[in-house]
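Welcome! Here is a short briefing to read alongside the model on your screen.

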Amino acid sequence: MQCLRAPGAGSLNASTLAPRFDPRTVQDRWQAVWEERRAFRAPDAPGGTTFSLVLPPPNVTGILTIGHMLGDTVMDIYARHARMEGRAVLWVPGLDHAGLATQVEVRRRLAKQGVRFENLPREAALAELEKWRADHAARIEAQTRAGGFSVDWSRFRYTMDPASVRATREVFVRLYDEGLIYRGERMVNWDPRLRTAISDLEVVHTEEDAELLYVRYPWADGAPGGIEVATVRPETIFGDVAIAVHPRDERYTSAIGREVRVPMTERTVPVVADAGIDPAFGAGALKVTPRHDFLDHEIFQRHPELSMPPEILDEGAHLTGPWVPAAFQGLDVPAARERSIDELDRTRLLVRREKYRHSVARSERSDAPVEPRISLQWFVRMRGLADRVVAAVAAGDIRIHPERWQLTFDRWMAGIQDWCISRQVLWGHPIPVYRCRACQHDNVAREPPVRCAACGSTALEAESAVLDTWFTSWLWPFAALGWPDRTEDLARYYPTHLLVTGRDIMFFWVARMMMAGYHFTGQRPFSDVYFTGMLRDERGRRMSKHLGNSPDPLDVIRDHGADAMRFGLVFSNPTDEDGPFGEATLENSRNFLTKLWNLVRFALPYAPPGTLPPAGPPVLARESPRENRWILSRYRRTVAEVTAALRAFEPSRAATILHTFVRHDLADRYVEIAKEALQGRRGEPVQRETRETLLFVLERTLRLLHPFVPHVTEELWHALPHDGELLAQASWPAEDEAPADPIVEVEMETVLEAVRWLRNLRAEERIAADALPAAWIRPAGAEISGVLAAERPTIERIARVRPLTLLEPGAPAPAPAGSRVVPFGECYIARPPANPAETESLEREREKLAGLLARARARLADDGFVRRAPPEVVREAETKAEELAERIRRIDEHLKSNASSPTP
Ligand SMILES: [Zn+2]
């Protein structure tokens, strides 16, 4: 055994394990050691199998959230597990420049200093952006380090580093040459405040109050009446090209084909029939403004007889163009809306106004209402790229976990639209297009060209738009490994294995990475995708920056430790559920880790200096104690179940299995039973075997726990006899190392159940802690009787009863005694004689419980509570009420028996 000397820590042996678990000391120590030992550096020439993954590069906009920590923890569990399985692991960390999002943050920071971002010269603006990156990158890296995540920092990548620039340009040029990138006029989400196209992900829909206006469009031929149209946007009337009605709407059958006059103008437009109109909305007629509404644009495209009108809103959403009357020119949307309402009212075309609540699209970046806008942008044709991915996923080449998200995935892929990849911002990869001023030819090139390829002119102008930030991110699994160069990392570690991320970016990122992977490398980018749940706070609310209910991970780590955070995140987040996370979760984790700490401290005296590390479980003699067989078999089952849960991509289930094993089986039950043997009261051979069993199970259990809580396990492992330099480099326990003994498992369950029920009876009968009452069990069968008889001393010792008598079938029940019918028979415990003070205190307690029960029942009778509360809360309330009723019944029984028994 070789013991590692950690910096400043002295020799880490049994005698130096601190009495109390202090997470900060432990994590600082081991993070430094891992770093110094380059424990997570991926082998440059891996032998055997590999396991690789990329860390979803966080945006440089801010700091990491607790949601990031959930994803990072899941990835770390898999990375560490794979390392322990002996695979060569590469986990690439990185950072995303986050285009528009970063620019908005920098713009805001400058505005606070009275500087307008738009007024800065280009170079100065880029310098400000770079300054922002430098400030925030360090903080993000510090957070990742604090969590103990085993990334390979030597392979850190940034989405704007020179290699990423090359990869991005390469991809643009290839797709352009293949005819998969084009420039065209299409409708996009436009942020008029930031004056750029934005992605669907950056559009937030909020319910807002508005006014629905019923406007009359008079008949163009001067006939009385006209058509009523309901709209919330009267200022867009100037851009109307038609009125559309449903072809089977009888109110309008005769109107189809007639012309109406556009209010506030002298223009006339036709009434057209379109099956996309909802006859139930407003008056059943819709004004068609193809340049400024997605639905209107679709209707327009179904009617080739209509022609595209001129623009009525400029890039900043001010009214403009030949169709806008002079009085409205230059007005912004709110002012134009107000003026048009006045004008419609004055000309008696405003029929009525209604309060109306509807969904408004706003830009996440600037909060400005999004103006759909037809604009000249660059697009990627997605259909062909998507089809290949759909086929690959259907064939199982990439697996999605939890599986049910595959349906959502397929549905979205079926309706995929072309991707608008250009953005009118400064911060991003330039689009590698150089337009010829002489012949208008678009020169698309990897390196800026000197001359136009079409006419030879040198008058070339670089495209001013930049690329959407996802246009680099979608290349990440191979770009982060050095593509387009044929690097050694790419040859060894690509395709990667696992991608872990939130399902909110399933389409923006995950699906696109799949498309890029197959298209540019001919291979899947990863074999498995795992979507984490979304975190909620303890009141059940989704954690968000907006609500301010998402704690800073560094605060959580400072207050509770990285391991408690990690375990809490995974343990409380069942796969595919949006679990709660907060103080209670963290306390629970911290208690668990303290329990583990104390368990190892308990074991230390049984591992004096010179104790050999456990090479395997002890060889059991025929007369070995049942508890040793039991704990080894339970341990073996735990190895199998944890390994299977990880393989099935259920890290939370794996954590739960380990929690149950350590807390209940190992710490609460085994240690208590084994104490006597460990202290030598059952002879030397049993003592030795029990000691070896305890040390073996503990050492192996620390290995199983290591991927989840790496720091504390590394510390504890070094305190125990162990083989090797670092737990992080130890091997994952083999399932078949310990003997299975299912019969002993069942037998021990009976023994432990007997202890549990006798303890319950003690509590119910209010037996003093130092008393040793007599107890009886009437076993339900001969086999049970045999086991209980054999383990009688253990049961007596742990349940603190004496003597324990096993009753024959048909023997009379002892009295006076508290009793319970239990799965393995009947339990009795001798009741202490009644005393008046006790009766009084029981009566007081009964009164208190009755009050609580009445309240619990009233709550359950409240229909509103039952309907609105989450089902598990209702279930919990029901269980609580049942428990209260049972406790009252017990007290009643007790009081009755006190009344009939003689007082001493
Ligand atoms: Zn030219």
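Donors are N, O and S atoms within 2.8 Å of the metal (3.2 Å for Na, K and Ca), and water is not among the atoms, so sites may look incomplete. This is a predicted model, where local features need pLDDT of at least 70, side-chain atom pairs count only at pLDDT 80 or more, and totals for chains, interfaces and linings use all residues. Residues are numbered from 1 along each chain as its sequence is written, and side-chain values use heavy atoms, leaving out hydrogens and water.

**The zinc site**

- Cys436, Cys439, Cys452 and Cys455 each offer an SG atom to the zinc ion, at 2.2 to 2.3 Å.
- Along the chain, these donors follow the spacing C-x2-C-x12-C-x2-C.
- Cysteine 439 sits in the loop between strand 20 (433–436) and strand 21 (442–444), and cysteine 452 in the loop between strand 21 and strand 22 (460–462), so the pair ties together parts 13 residues apart in sequence. Strands (E, at least two residues) and helices (H or I, at least four) are DSSP runs, numbered from the N terminus.
- The arrangement is tetrahedral because the four donor atoms subtend angles of 102 to 113° around the zinc ion; the term requires all angles of four donors to lie between 85 and 135 degrees.

**Two of the cysteines**

- Cysteine 452 is buried, with 4% relative accessible area, while cysteine 439 is partly exposed at 33%.
- Buried means under 20% relative accessible area, exposed over 50%, and partly exposed in between (1.4 Å probe, protein chains only).

Notes. Tetrahedral: all angles 85-135°; square planar, octahedral: opposite > 155°, others 65-115°.
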